[in-house]
Amino acid sequence: MSGRAWGYFVYYRLAPGSAPEGPWAEVFAEVDRATGVGGRLYGPAPDGCTWMEVYEPVAEAEREAFEAVLEAAVARSGLEGWLATGERRHVEAFPRAALGA
C-alpha cells in the first residue's frame with residue numbers, strides 16, 4: 001500500500017429496536033468486492049441505538065474512489081431508511097498514526 005493507510009469510521013443512530021442485517025451485509029460485500037477493504041460493524045452502543053461501521057486500511061491514493069463506492073453501496077442498500085428520524089450517517093476518516101517514526 002503506497003502512502004498512508006486510513007481508517008474510516010461511520011456512526012449513526014437507528015430507530016430503537018431496529019437492526020437490519022441485510023443492508024449491512026450488502027454494503028460490506030459491495031465495498032469489499034470493489035475496493036478490497038472489508039467493513040466491520042460495532043453496536044449497538046450502551047444507548048441501544050448508536051452503531052458504527054469501520055473500514056480499514058484504505059490507501060491514501062484510493063480514498064476518493066473508496067468514498068464513492070461506499071456512498072453508492074449505502075444508497076443501493078436502503079440502510080439510510082433505517083436511521084432514526086432526523087439522523088444522518090457521520091463519516092470520519094483518520095490516517096493511521098506513525099508511532100515511533
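Biologist: Which residues do ring pairs link into a cluster?
Modeller: Keep in mind that this is a predicted model. A search of the whole structure turns up five aromatic pairs. Ring pairs join some of these side chains into a cluster, and its members are Y8, F28, Y55 and F66.

Biologist: How are the strands ordered in the open sheet?
Modeller: The sheet is open and has four strands, paired antiparallel. Each edge strand pairs on one side only, and these are β2 (39–42) and β4 (90–95). On average, neighbouring strands here are turned by 20° against each other, ignoring direction. Read across, the order is β2-β3-β1-β4.

Biologist: Over how many bridges do β1 and β3 pair?
Modeller: Take β1 as residues 5–13 and β3 as residues 50–59; they run in the antiparallel sense. For a spot to look at, find W6, which stands opposite V58 in β3. The number of bridges for this strand pair is eight.

Biologist: Okay, now the helices. At about what angle does α2 run to β3?
Modeller: Start with helix α1 (residues 21–35), which lies across β1, β2 and β3 and runs at about 5° to β3. Helix α2 (residues 63–77) lies across β1, β3 and β4 instead. Its angle to β3 is about 145°.

Biologist: Which elements give two or more residues to the largest nonpolar core?
Modeller: In soluble globular proteins, nonpolar side chains tend to be buried together. Here the largest nonpolar core has 19 residues, and those with the most contacts inside it are Y12, W24, V27, V31, Y55, F66 and L70. The elements giving two or more residues to this core are β1, α1, β3 and α2.

Biologist: V27 caught my eye. Which residues does V27 touch, leaving out those up to four places away in sequence?
Modeller: V27 is one of the residues with the most contacts inside the largest nonpolar core. Leave out residues up to four places away in sequence, and the ones V27 touches are Y55, L70, A73, V74 and S77.

Biologist: What about charged pairs: how far apart are N and O where E30 and R76 meet?
Modeller: There are four salt bridges in the structure, and the side chains of E30 and R76 form one of them. E30 sits in helix α1 and R76 in helix α2, so this pair ties together parts 46 residues apart in sequence. The N to O distance between E30 and R76 is 2.1 Å.

Biologist: Is E30 buried or exposed?
Modeller: Its salt-bridge partner R76 counts as exposed, because its relative accessibility is 57% and the cut-off is over 50%. E30 has a relative accessible area of 17%, and since anything under 20% falls in that class, E30 is buried.

Biologist: In the pair of E56 and R40, how many residues apart are the two?
Modeller: The side chains of E56 and R40 meet in a salt bridge, at 3.2 Å from N to O. E56 is in strand β3 and R40 in strand β2, so to speak distant parts of the chain, linked by the pair. E56 is partly exposed at 27% relative accessible area, and R40 is partly exposed too, at 34%. Along the sequence, the two residues are apart by 16.

Biologist: Where does R89 lie, the residue paired with E53?
Modeller: E53 and R89 form a salt bridge whose closest N and O atoms are 2.7 Å apart. The pair ties together parts that are 36 residues apart in sequence, because E53 lies in strand β3 while R89 lies elsewhere. Both residues are buried. R89 is found in the loop between α2 and β4.

Biologist: Back to rings: what kind of pair do F9 and F94 make?
Modeller: Among the five aromatic pairs, F9 and F94 have ring centres 6.0 Å apart and planes at 65°. F9 lies in strand β1 and F94 in strand β4, so the pair ties together parts 85 residues apart in sequence. F9 is partly exposed at 24% relative accessibility, and F94 is partly exposed at 46%. Planes over 60 degrees apart count that way, so the pair is edge-to-face.

Biologist: And F28 with Y55: how far apart are their ring centres?
Modeller: F28 counts as buried at 16% relative accessibility, and Y55 counts as buried at 0%. Their planes stand at 70°, so this pair is edge-to-face, and the centres are apart by 5.8 Å.

Notes: Residues numbered from 1 in each chain as written. Predicted model: local features only at pLDDT ≥ 70, side-chain atom pairs only at ≥ 80, totals over all residues. Heavy atoms only, no water. Pairing = 2+ DSSP bridges. Axes fitted to C-alpha atoms, helices over the stretch in contact; angles between N-to-C directions. Contact = heavy atoms within 4.5 Å. Core = buried A, V, L, I, M, F, W, Y, C linked by side-chain atoms within 4.5 Å. Buried < 20%, exposed > 50% of the residue type's maximum accessible area, 1.4 Å probe, protein only. Phe/Tyr/Trp six-rings, centres within 6.5 Å; stacked < 30°, edge-to-face > 60°.
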